[in-house]
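Subject: Structure handover

Hello,

Here is the structure for your next round of work. Please open it first, then read the notes underneath.

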Amino acid sequence: MIRAILFITFVLLISTSSYAQTLWGGLAPGPHAVGFKSFHERDNSRNGRPMTVGVWYPAAPSAKAKPVLFKDYLAAKLPDPTDASKKEAYENFRKIFEYPFIAGVNLTDEQYNPILEMPTAAKWNLPEAKGKFPVVLMSSEPESLSVSAEFLASNGFVVAVVDGPNRATQPPDSLLWVEPTEDMQWLQNYALKLRNVDPSKITVMGFGGGIQGAYFLSMQSNLVKAIVNLEGGVFGPRSLTDNATIYHPENIKAPMLHIITPFQQIEDDPDQVEDLVNASLYRAFIKNEGLRHHDFSIFGRVTNKGLKLRGELSDVADKTYVAVHKAILEFLKSAVDGKTGSFTVDERFMPYFSLEKFRAFAGLVLHQPAMDEVKVELGRRFYSGQDTTLVFDLYSPKDFDKKSQLPVIVFVNGVGSMDLHRWKIYRDWAKLAAANGMIGVTYQTRNNHARDDSERLLAYLAGHAAELGIDKEKMGVWACSANVGTGLPLAMDESRRFIKALAVYYGMAQPPPNTPAWYRQDVEIQIVRAGLDFYTLNMGIESFVKAALVQDLHFEYVNYPEGQHAFDAFDNTPRSKEIILQTIDFFKRTLSKDHAAPDEDVLTNSRLWAMIMGDKVDQALLQVKEAVAMYRKMPGHSPWYNHVMDERNLNQAGYQLLQAGKTNEALKVFNANQELFPESANVYDALGDAYEKTGDEVRAVYNSKKALEKLAKQTDIRPQQRDAIRKSAEEKIKRLQ
């Protein structure tokens, strides 16, 4: 008995070891030998449509069985193979390597013939292993995913592949879903008749366009337990998936594993991803940007392992391929056992891809019909670094002409997220902006680099404004929650005067103690506070509002006492919708030429006092002198109503500084007041008080005498005030002489 077990193990190892060193690469075989059978059938429900079926299955090992050569897979799809037709099939396969996106080479006979003669891990018509096994259904040529099929069969899965006639007979607007879906329906019925298939454990898998049939079958069949989307085109706009009359993704209950390279991730339409409302979606994001779509098909295996045409990248592609297929195996096992909820990926795979469970995020509670008609340009690159490419999505009005140069709103990604820009709430905001005649932009940032990456985006938009059709002098910024920590400094940076408007939703970092921030006055601000939010967060908002009042910023304050954090996504109330529309109107108004904030700062009294009391005395006095000079040139100006022009204003500020012990600063203020209002007795008396405080008795007496001199000539002063100035000046002179 022991000898028999050893012999079987030895035969099994021999049957896979040579292949594992070639196209299998680093993949290790499972416990089963692999059998392969090929059938040519007809679908009588569709006028006898010819159907080529390849079946890989767990088998009982046999040293006598004939190995399947790689060229056998190429010939398996031929209904009546002849030497001529097989030679044509071999040559057609070779020609594909000439395409740049495959390998871009002309293979010589010396390179290509050994590939054709290579023994695979499968053997012809081996007896089936005992028992019933889960099945994986695919729409593909027999050779395309042959390595994947052999690997899964060695690990206890029956893999059935159907290859129908040329798909060019389909309607031009349907691409890859009409006939492949019917083929997969036929294949499902065919597989259920196989005696080694467990009918309760049906799964589907597809690569590239081959995922379409599997995807649509899953919408129609409640027998499907899992979907593996290996770089498949169901979410990309080129696939036109949602054009299908049978497109009902809400019907899919089976979990899906979506393996995706960086290039395809850029192309994916997030709206179609969001449509999987009843399915668990796991997304494996390939990390190496050098890997290509076909690295996961037979063309990649031949290029990277059989021919090693890509140097060091061949090794990276192989290791990633191995990690991906181990993940596929674990996913399928967990799905057919009903344990997908606990599906995880071992840490050793993480250098090659990252795994996330997709969560459907809430969208905007407000919807306008025009939002469904906006133009969307996905995945435009704005930064390419050594290990990262960052993209943004651009949303524009339905009939947008780039010559029109529209205002743009940037929805800030300030938390370092590669997928936040595709959350539904951000996409809905961008669509709403576009539906109202503006351009919306969402974008990626990296962890710990959100500020830098956001600056890169703003610089890109400004530098490519004409090309993108945006007005670079009319840019708005919208930031919410934790993103405000990035969005507020970006908008308040003096070097970004092209940012004209900032909307802040339920998020504000409280400034550190004793370090009051100084904000741009030439930007319009809308602050929206949710009353049910965190107390400390709202304290930050309130601190900002106080600073905004003190500095006389152009801002409007929207308080929503009943609102919770993220009310725009979760509070479907008339008030929420009213505030959202108020924000859109805010941007439309402030980004228009007639209603934007002034390009230069306006010196108000609150702003002046904030500077004086905030250790910005020199800057404040310079600005007040410029303001007084400007106003005095204006015909008909009324200094009584403009209190920046009132001598009492600086006088009061000077005395405040004296009380605070800031005598040097007080002297600067009083001297400036004397310079601005040289005929006023009061300013000389105040200057005398300041010099007395510093111990300079000579200057104190001099300015007190000047006060009495000016008082004798001043006629625009009330008797009570005249008496007070005279008394103050005379007492100082008496005290100090």
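Two strands count as paired if DSSP finds at least two bridges between them. By that rule β18 pairs with strand β19 (residues 555-560): six bridges join them, and the two run parallel. One register point to check is Gln526, which stands opposite Glu556 in β19. Bear in mind that this is a predicted model.

**Overall shape**

The protein has 25 helices and 19 strands. Its C-alpha trace spans about 125 × 50 × 50 Å along the principal axes. The radius of gyration is 38 Å, whereas a compact globule of 737 residues would have one near 27 Å. Buried residues account for 54% of the 737. Take the contacts between residues at least 6 apart in sequence: 73% of them join residues at least 24 apart.

The exposed surface comes to about 33,000 Å², and carbon and sulfur atoms supply 53% of it. On charge, there are 84 positive and 90 negative groups. Their mean positions lie 3 Å apart.

**Strand β18 and its neighbours**

Why call β18 largely enclosed by the rest of the structure? Seven of the seven residues in this strand (residues 524-530) are buried, so the rest of the structure largely encloses it. Both faces take part. Glu524, Gln526, Val528 and Ala530 point one way, Ile525, Ile527 and Arg529 point the other way, and all are buried. Note that the list includes Glu524 and Arg529.

Besides β19, the strand has a partner in β17 (residues 499-505). That pairing is also parallel, over five bridges. There, Tyr505 stands opposite Val528.

**Strands β1, β3 and β4**

Strand β4 (residues 119-124) pairs with β1 in the parallel sense, over three bridges. Phe36 has Trp124 of β4 as its bridge partner. Strand β3 (residues 67-69) also pairs with β4, but in the antiparallel sense and over two bridges. In that pairing Leu69 is matched with Pro119 of β4.

**Helix α19**

This helix covers residues 605-613. Its buried residues are Arg607, Leu608, Ala610, Met611 and Ile612. What covers them? The cover includes α16 (535-550), α20 (617-633), α21 (647-659) and α22 (663-676). Just after the helix, Asp615 takes a positive phi of about 65°.

**Two buried side chains to look at**

Leu257 sits in strand β9 (residues 256-260). Its relative accessible area is 1%; the cut-off for buried is under 20%, so Leu257 counts as buried. Leaving out residues up to four places away in sequence, Leu257 touches Ile227, Val228, Asn229, Tyr282, Ala327, Ile328, Phe331, Phe343 and Leu355. One of these, Ile328, is 71 residues away in sequence. In space the C-alpha to C-alpha distance between Leu257 and Ile328 is 7.6 Å.

Lys431 belongs to helix α12 (residues 424-435). Is this lysine buried or exposed? Lys431 is buried, with a relative accessible area of 11%. Leaving out residues up to four places away in sequence, Lys431 touches Asp271, Met371, Val374 and Tyr395.

**Backbone angles to check**

Most residues other than glycine have a negative phi. Two loop residues depart from that sign.

- Asn47 has a positive phi of about 55° and is not a glycine. The residue lies in the loop between β1 (33-43) and β2 (49-59). Asn47 is exposed, with a relative accessible area of 82%.
- Ser481 has a phi near 50°, again positive in a residue other than glycine. Ser481 is found in the loop between β16 (470-480) and α15 (484-492). At 24% relative accessibility, Ser481 counts as partly exposed.

That is the full handover.

Best wishes

Key:
Residues are numbered from 1 along each chain as its sequence is written. This is a predicted model: local features need pLDDT of at least 70, side-chain atom pairs count only at pLDDT 80 or more; totals for chains, interfaces and linings use all residues. Side-chain values use heavy atoms; hydrogens and water are left out. Helices (H or I, at least four residues) and strands (E, at least two) are DSSP runs, numbered from the N terminus. The radius of gyration is taken over C-alpha atoms; the globule rule is 2.2 Å times the number of residues to the power 0.38. Buried means under 20% relative accessible area, exposed over 50%, partly exposed in between (1.4 Å probe, protein chains only). Contact means heavy atoms within 4.5 Å. Accessible areas come from the Shrake-Rupley method with a 1.4 Å probe; for residues, only the protein chains shown count as cover. Lys and Arg count as positive and Asp and Glu as negative; His and the chain ends are not counted. The place of a charge is taken as NZ of Lys, CZ of Arg, CG of Asp or CD of Glu.
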